Amino acid sequence: MHERVIQLQDALKHKISQYIVSEKDIALIDKAMAFAIEKHEGQVRKSGEPYSTHVLEVALLLSQLRVGPSTICAGLLHDTLEDCGVSKDEIKKQFSSDIATLVESVTKIGNLSFKDEKEYLAANHRKIFIAMAKDIRVILVKLVDRLHNMRTLSYQSEEKQRKIAAETLDVYAPIAHRLGISEIKNELEDLSFHYLYPEKYYEVAKLVEMRKAERDQQVTDMIQEISNLLNEHGLKHRIFGRSKHLYSIYKKMTVKNKRFDEILDLMAIRIVTDDAVNCYEVLGYIHATYRPIPGRLKDYIAMPKMNMYQSLHTTIVGGEGHIFEVQIRTESMDAIAERGVAAHWRYKEGISKDKEQKEIEERLSWFKDFGLLSTDIDEDAQEYMEAVQKDIFEANVYVMTPKGRVIDLPNGSTPIDFAYRIHTDVGHTTIGAIINGVLLPLNTALKTGDVVQIRTSKQSNGPSEDWLKFVKTSHARVKIRNFLQKKEEVERKALIVKGEAIFKDEVKKRGLENSEHVKRDKVEHILHQFNLKNLDEMYYALAARSLSTAALFEKLVVERKNILDLGLGRLFKPAVQKKTISKSGIKVAGVDSMMITLSQCCKPVFGDPIIGYITKGQGVKVHRIDCPNIIKEKNRLIEVMWDEDFDKGKYEVELSILANDRSYLLTDLVTIISQYKATIQSVNSVVNDDKVTATTTLKVNVDDFNHLQILMVNLRKVNSVISVERITR
């Protein structure tokens with residue numbers, strides 16, 4: 001057996017013996033170790049080492065997090081399904097269904113087709129995150145698997161190094177952060193930083209190294225001073241220096257635009273004491289001795305972070321003017337700060353007590369959002385990953401319910417986002433929000449520390465479409481859209497029923513119950529003339545008043561008159577009459593000489609549902625049937641219709657496009673208009689008062705209603721476009 005394999009086996013056995021006492025559990029791990037080595041026999045990594053060194057390294061990293069025996073077995077077996085042809089049933093038979101499920105959950109998606117690598121990665125991450133929502137041990141195995149792969153990334157090609165490093169920085173490091181596993185998160189970030197931006201990496205490393213000896217001496221001196229102070233007051237403690245990892249320094253220099261010498265926590269000291277009361281006592285003595293910097297005190301003991309992190313942070317000025325960040329915590333807090341959820345998650349394998357288990361689940365309830373988002377977003381894996389990135393990875397605003405429950409949200413989130421995170425029904429029935437005791441608008445941006453109380457009403461009509469303009473979380477946006485779609489479907493069905501009743505009443509009024517030309521096939525035959533696809537659309541149009549019964553039945557009667565008796569038609573062919581074509585493209589029943597013009601307020605285009613308005617001295621003005629300028633008019637309206645034989649030409653339409661402002665937005669809009677053969681007459685684009693959205697007003701020429709609809713549908717698909725509407729003056 002390879003020497004490195006033997007070394008790793010011995011190291012793993014030694015590590016698990018330090019905290020796993022059951023001989024049965026140790027025997028199970030030994031069995032999994034032997035099984036993995038046997039199945040990977042003959043497989044070699046790019047480094048030249050046997051493949052089994054990788055799974056042993058993964059298991060060793062898991063043992064350093066002190067996870068349970070089933071999780072260590074899953075780490076040993078995690079590549080057997082994918083690389084060794086082992087089945088889930090075989091693992092279940094040899095070990096347990098729990099271990100088999102864990103191994104399957106961390107295995108990449110197999111024989112499915114994807115259009116590109118981005119879609120494959122999104123689908124693979126989604127699978128892992130959904131499994132994680134059910135059992136957090138899945139992501140612990142994936143994290144240490146990725147950590148060992150990153151440690152050996154130098155053996156991959158440069159292109160693959162960058163690809164894997166980018167994925168690690170975008171997906172795995174944020175997950176480690178949200179789980180509070182700072183040891184793994186920091187190393188993943190620094191390794192990714194090294195492969196993605198090597199020049200910047202070495203630049204920051206050089207800056208850190210330049211004054212390292214000087215800073216180390218300053219930290220050593222301050223540690224001695226503080227330790228003497230705490231010993232004088234009889235406070236038991238451990239005290240040591242803490243190094244800032246390179247990527248966090250780089251982020252502060254770029255994101256916060258700080259110079260290297262402005263980063264205050266480069267010199268950091270950690271104090272670990274017995275209990276929370278002692279933490280505050282230590283803080284008191286330090287503040288009484290050294291000058292604290294205002295605004296830098298953070299109490300994460302009273303208000304823990306969502307990843308369970310607890311500590312007191314303060315920044316002080318030493319005797320010679322040097323600035324130090326000091327962290328004060330208990331031993332258990334320190335364990336959680338380093339190992340995060342792994343410090344607690346052993347209860348999954350029956351170690352912790354029920355009370356502790358319930359408390360941990362409550363404090364880590366956020367990770368179930370992975371499952372909730374999957375329920376919200378059914379199919380699109382990339383959309384799911386974007387939602388995860390925004391709602392979970394970027395959640396750094398912490399607000400509270402009146403009962404003290406902490407809810408984490410992305411920057412810019414509003415009371416509506418907060419309400420939907422509490423419960424879908426709370427979101428749907430929201431009518432107001434009280435923030436820190438003050439009633440404020442629903443689009444107010446929340447800040448860390450805000451106490452938010454949502455006012456609800458069972459009489460509420462549900463979410464407004466306007467909410468979509470300011471909500472930040474994908475979870476809230478999806479819930480609002482689903483509600484509005486269902487509401488629209490219900491309203492549409494009701495209008496279809498109403499329209500069918502209108503049609504039947506008209507048939508009865510006209511005495512046409514048994515007439516041929518109101519039979520289903522005859523009615524369906526003329527629907528294309530109104531740009532309608534089926535009877536449901538016709539009924540909807542009748543109820544919505546976008547189609548008049550007079551126009552519909554006139555077409556039906558005309559269609560009936562055009563059906564000649566074929567036998568008589570052949571014997572007595574009527575004289576061919578020259579068909580008169582209207583000059584305006586509009587026909588008015590029984591009127592040939594009246595002046596007819598298209599209204600400039602709503603600018604109808606050929607195929608729009610229309611109505612005529614009899615003016616004083618200017619003939620008939622033709623409006624869209626939904627034009628607000630004539631919608632209340634009852635006495636001066638007249639039925640009109642488009643002349644099918646008219647040579648249509650072009651129709652001018654004004655469109656208003658609301659979109660999130662971005663570079664090249666106007667270019668993308670103009671490109672779509674050009675692609676769909678419309679002509680631009682004028683364009684005007686302005687950034688709105690919110691500094692986030694922009695409104696673009698376009699005058700375009702189109703062929704007809706169908707051409708316009710196709711154009712508007714495709715404009716709505718442009719990235720960042722929120723809405724596209726026709727303008728009525």
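## Exercises on a predicted model

Arg545 is exposed, with 55% relative accessible area. The model is predicted, and the exercises below work through its surface, backbone and cysteines.

**Exercise 1. Find where Arg545 lies and state what is unusual about its phi.**

Step 1. Locate the residue. Arg545 sits in the loop between α24 (535–543) and α25 (549–562).
Step 2. Recall the usual sign. Most residues other than glycine have a negative phi.
Step 3. Read the angle. Arg545 is not a glycine, yet its phi is positive, about 65 degrees.
Step 4. Add the exposure. Arg545 has 55% relative accessible area, and the cut-off for exposed is over 50%, so Arg545 counts as exposed.

**Exercise 2. Repeat the analysis for Tyr664.**

Step 1. Tyr664 is in the loop between β18 (651–660) and α27 (665–675).
Step 2. Its phi is positive, about 65 degrees, although Tyr664 is not a glycine.
Step 3. Tyr664 is exposed, because its relative accessible area is 65%.

**Exercise 3. Name the residues of the nonpolar surface patch and classify Val670.**

Step 1. The patch consists of Leu666, Val670 and Val683. Together they have about 200 Å² of accessible area.
Step 2. Val670 belongs to helix α27.
Step 3. The relative accessible area of Val670 is 32%, so Val670 is partly exposed.

**Exercise 4. Describe the negative patch and find which helix gives the most to it.**

Step 1. List the members. Glu465, Glu488, Glu489, Glu491 and Glu725 gather on the surface as a patch of negative charge.
Step 2. Find the main contributor. Helix α22 (residues 474–509) gives the most, with three residues.
Step 3. Place Glu725. This residue lies in strand β21 (residues 721–726).
Step 4. Classify Glu725. Its relative accessibility is 44%, so Glu725 counts as partly exposed.

**Exercise 5. Is helix α4 mostly covered or mostly open, and which of its residues are buried?**

Step 1. Helix α4 spans residues 69–77. Nine of its nine residues are buried, and the helix is mostly covered.
Step 2. The buried residues are Pro69, Ser70, Thr71, Ile72, Cys73, Ala74, Gly75, Leu76 and Leu77.
Step 3. Take Cys73 as a check. Its relative accessibility is 0%, so Cys73 counts as buried.

**Exercise 6. Count the disulfides, then classify Cys84 as buried, partly exposed or exposed.**

Step 1. Recall the bond. A disulfide covalently joins the sulfur atoms of two cysteines.
Step 2. Search the whole structure. The count of disulfides is zero.
Step 3. Apply the cut-off. Buried means under 20%, and Cys84 has 21% relative accessibility, so Cys84 counts as partly exposed.

Methods
Residues numbered from 1 in each chain as written. Predicted model: local features only at pLDDT ≥ 70, side-chain atom pairs only at ≥ 80, totals over all residues. Heavy atoms only, no water. Patch = residues over 30% accessible without salt bridge, like charges linked within 9 Å, V, L, I, M, F, W, Y side chains within 5 Å. Areas by Shrake-Rupley, 256 points an atom, 1.4 Å probe, with all protein chains shown as cover. Salt bridge = Lys/Arg side-chain N within 4 Å of Asp/Glu carboxyl O. Lys, Arg positive; Asp, Glu negative; His and termini not counted. Charge placed at Lys NZ, Arg CZ, Asp CG, Glu CD. Helix = DSSP H or I, 4+ residues; strand = E, 2+ residues; numbered from the N terminus. Buried < 20%, exposed > 50% of the residue type's maximum accessible area, 1.4 Å probe, protein only. Disulfide = S-S within 2.5 Å.
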